[in-house]
Amino acid sequence: MHILTVSQLNIYLREALDADEILQDLWVEGEVSNFVRAASGHCYFTLKEGEGQIKAACWRSYVARIPRMPSSGEAVLAHGRVAFYEAGGQIQLYVDMIRTAGVGLLHARFEELKARLDAEGLFDLSRKRPLPPLPRRIGVVTSSSGAALRDILNVLGRRYPLAEVIVSACQVQGERAAATVVEALYALYEQDIDVIIVARGGGSIEDLWTFNEEIVARAVFASPVPLISGVGHETDPTIIDYVADLRAPTPSAAAELVAPDLEELRSDFALLHDQLALALERQLERHRTALQELRRRLLQQAPTARLARDRQSLDELVRRAGAQLTHGLALRQAKLQGLRLQLAALNPQATLDRGYAIIRRATDGQVVTDPAQARAGEALEIAVKGGSFTARRTADLENDPQ
Amino acid sequence: MSTSTPPPTYETLYARMQAIVARMETGELPLAEALALYEEGMTVTAACQRLLDEAELRVQELQPGNALRRIDAWEE
């Protein structure tokens, strides 16, 4: 019989394990889950097989030498030593080498189901329905005690309290979980709802396995209304993510996608209200313009306007008559001037000015235009430019008829 | 408005408002109708505002046999 402190027990356990030769150098076969690569570069994960599991750690210096680190769900052979981790009070496998033994069982099942349902058309994009813009009743399939439901209700309560939420509870992990999800879904399908959220908080691939089950996928496919999945915390997608009309990375995100924001609704309405005010202004403006037009026409028909119009046309007539008169006068003046010039051209003085002379008989003043008109010795009066003088006709040297 | 008629939903109000605006924007309305429509628009806006201000999320849980049970204490 011994009484030990915790530290003493831990030291004892560490030494007991360290003394075991088998535990210093061994290969362990199992499936990796909860794989985490810390910021330090060390990797931590759990190896599982059946009901058993053991924590494993792989230091950075070893990680660097391992060609490919596994991810959660992969079946592996891990080499290392088993030791007691005193601070954590647990036995751990310290891994220095990992051989990946192909795709892990769960991943294999996942890939097989995904390929099969895809080929069947369950993921067809043409099938995806848009979410209703203003859902009245929102169905939620999730655990009634989980954080997922609380997150969803908080988001809806904040963003879109106009909605009514119908919670259809199910188990989200464990043996019976898939069957309860299917039941919860079909119970909702009986209800008058507009959209459904299927949600679960994050977890390992095993935790989320319910949503990779074929019966769940087919139940989701059967939804009569648009369905959005919000499973996990942005991990790898589950099968129902592919089947759902829309996939959200988390339950909260699903709620945000389902519900419009009340503030947006408010601004939508405010916009309509502004449009209405503007439209009223236009209607009033139209009536105002019509009224003004009527008023204008009325004033035009008023007697004073008529008088003014008549007076104006009278003025116009007088103006036109005056213009006509002035024009005629000018025309006549021009004609007169023309005559005057013509007359001046005919004045004999003008001929004298050019150097010609006019000859008249002194006896009777007859203009002599033919030699026969003047006898020899007859006195003649000759007018030239500068004045006139008398002359006598001499006897003709030739052609004298006498 | 009598208290027995169910309160209009946001959808109904929004649709009515859209119809009012559309009518106001397209037709050449008699003055009286334009004014009446505007007044109705104001009433609808006020009703909508009230609806949004007073909205409170209702949560019910589906029970076996499709009965609904109201959940009140979901807020943390």
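Biologist: What covers the buried residues of α8(A)?

Modeller: The cover includes β6 (137-142), α4 (147-159), β8 (195-200), β9 (227-231) and β10 (246-248) of chain A. Those helices (H or I, at least four residues) and strands (E, at least two) are DSSP runs, numbered from the N terminus. Mind you, this is a predicted model: local features need pLDDT of at least 70, side-chain atom pairs count only at pLDDT 80 or more, and totals for chains, interfaces and linings use all residues. Residues are numbered from 1 along each chain as its sequence is written, while chains are lettered from A and ligands numbered from 1 in the order in which they are written.

Biologist: Which residues of α8(A) are called buried, and why?

Modeller: Pro251(A), Ser252(A), Ala254(A), Ala255(A) and Val258(A). They're called buried because each has 20 or more other C-beta atoms, placed from the backbone, within 10 Å of its own (12 or fewer would be exposed, in between partly exposed).

Biologist: How do you know that they line one face of the helix?

Modeller: Down the axis of α8(A), they fall within an arc of 160°, so they do line one face; the arc is that of the directions from the axis to the C-beta atoms.

Biologist: What makes β7 (164-169) of chain A and β1(B) a pair?

Modeller: Pairing takes at least two DSSP bridges. Four join these parallel strands, so they pair. Ile166(A) stands opposite Gln60(B) in β1(B).

Biologist: How many residues of chain B are in contact with chain A?

Modeller: 33, against 32 residues of chain A; contact means C-beta atoms, placed from the backbone, within 7 Å. The largest share of chain B's side, nine residues, comes from α1(B).

Definitions and conventions:
Two residues are in contact if their C-beta atoms, placed from the backbone, lie within 7 Å.
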